[in-house]
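Q: Could you take me through one charged pair in this model up close, and then work outwards from there? Keep it informal, but give me the cut-offs as you go.
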Amino acid sequence: MTRASNPQPRLPRPLARRAQRGSAYLIVLFLLVLITVFGLSLSVITQTESQIGASERIADRNFFTADSGIAYSVARKQVTNLEISRVFDNVDTHSSASGVNVADRISISPLATLSEAPCNLCSINDRQGDEFKQIEYVLNATAERRGRQGTDASTDTTLALKQISVIVARQPATSSIGALMEISSSDTIRKGIRY
């Protein structure tokens, strides 16, 4: 067989190259679209993580604000023997660029007596009877992060809210004012203090 007897059509070389030129363009275009989609998804993920971090920061701030309300109320009970409720407003000194003012509000409930029993760690009770007590109190503290547009009070919005409830035990249940006085004068004052 000769070559001439079996002729096969051949494309000239320049035509074969021209047929492949568009495939490189499509591959590069596909890779650019894929990289763009990947970059946009990373941008969305980063923005979401940033918002989650800001929310956690506000939640932690509210938790510690409520915790400070508990500590304040317990210290007030030990020093002054007061059991009343209290509300604190703390306005931040800065406002955002959009004119939103942010404030923290701490609401502390009055101490409510849960149980009262003889003080089992007080050796003084052996000498004088059951004068000293172990008292358990229930206490709630609510911390609220509030935002306000400008000075208009009708635009108050609660941004975050956290409530902590604790049971506090005092033993022996005496006012710390009595610890600063002589024993004879503190006994007179202690009889007038309501536990």
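Which residue forms a salt bridge with Glu83, and how far apart are the closest N and O atoms?

A: The partner is Lys77, and the closest N and O atoms are 2.7 Å apart. A salt bridge here is a side-chain nitrogen of Lys or Arg within 4 Å of a carboxyl oxygen of Asp or Glu. Before going on, some ground rules: this is a predicted model, where local features need pLDDT of at least 70 and side-chain atom pairs count only at pLDDT 80 or more, while totals for chains, interfaces and linings use all residues. Residues are numbered from 1 along each chain as its sequence is written, and side-chain values use heavy atoms, with hydrogens and water left out.

Back to the pair. Lys77 counts as buried because its relative accessibility is 1%, and Glu83 counts as buried too, at 16%. The scale is simple: buried is under 20% relative accessible area, exposed is over 50%, and partly exposed is in between (1.4 Å probe, protein chains only). For context, buried residues make up 20% of the 195 residues in the protein.

Now the overall layout. The protein has three helices and five strands, running α-β-β-β-α-β-β-α from the N terminus on. Helices (H or I, at least four residues) and strands (E, at least two) are DSSP runs, numbered from the N terminus.

The salt bridge count comes to six. Another of them joins Arg105 and Asp89, again at 2.7 Å, N to O. Arg105 sits in strand β2 (residues 100-108) and Asp89 in strand β1 (residues 86-95), so this pair ties together parts that are 16 residues apart in sequence. Arg105 is partly exposed at 29% relative accessible area, and Asp89 is also partly exposed, at 49%.

Then there's Arg146, whose side chain meets that of Asp156 in a salt bridge of 3.2 Å, N to O. Arg146 lies in strand β4 and Asp156 in the loop between β4 and β5 (157-170), so parts 10 residues apart in sequence get tied together. Arg146 counts as buried at 18% relative accessibility, whereas Asp156, at 28%, counts as partly exposed. Strand β4 itself covers residues 133-149. Leaving aside residues up to four places away in sequence, Arg146 touches Asn101, Val102, Ala103, Arg105, Asp156, Thr157, Thr158 and Leu159; a contact means heavy atoms within 4.5 Å. That list brings back Arg105, the partner of Asp89. Salt bridges that share partners also join Arg61, Asp104 and Arg145 into one network.

Contacts in general have a reach to them: among those between residues at least 6 apart in sequence, 61% join residues at least 24 apart. For a shorter jump, take Ala117 in strand β3 (residues 112-118). Its C-alpha is 6.5 Å from that of Ile135, 18 residues apart in sequence. Ala117 touches Lys133 and Gln134, again not counting residues up to four places away, and it is partly exposed at 33% relative accessibility.

Next, the rings. The structure holds two aromatic pairs. One of them is Phe63 with Phe64, edge-to-face at 5.2 Å centre to centre and 75° between the planes. For the rule, rings of Phe, Tyr and Trp (its six-membered ring) pair if their centres lie within 6.5 Å; planes under 30 degrees apart count as stacked, over 60 as edge-to-face and the rest as tilted. Phe63 counts as partly exposed at 34%, while Phe64 is exposed at 53%. Tyr72 and Phe88 have ring centres 5.0 Å apart and planes at 90°, so that pair is edge-to-face as well. Tyr72 lies in helix α1 and Phe88 in strand β1, so the pair ties together parts 16 residues apart in sequence. Tyr72 is partly exposed at 32%, as is Phe88 at 24%.

Helix α1 (residues 13-80) also holds Val37, which is exposed at 51%. Val37 joins Tyr25, Leu26, Leu29 and Val33 in a nonpolar surface patch of about 510 Å². Patches are made of residues with over 30% relative accessible area and no salt bridge, with like charges joined within 9 Å and nonpolar side chains (Val, Leu, Ile, Met, Phe, Trp, Tyr) within 5 Å. Across the protein, about 14200 Å² is exposed, with carbon and sulfur atoms supplying 59% of it; accessible areas come from the Shrake-Rupley method with a 1.4 Å probe, and for residues only the protein chains shown count as cover.
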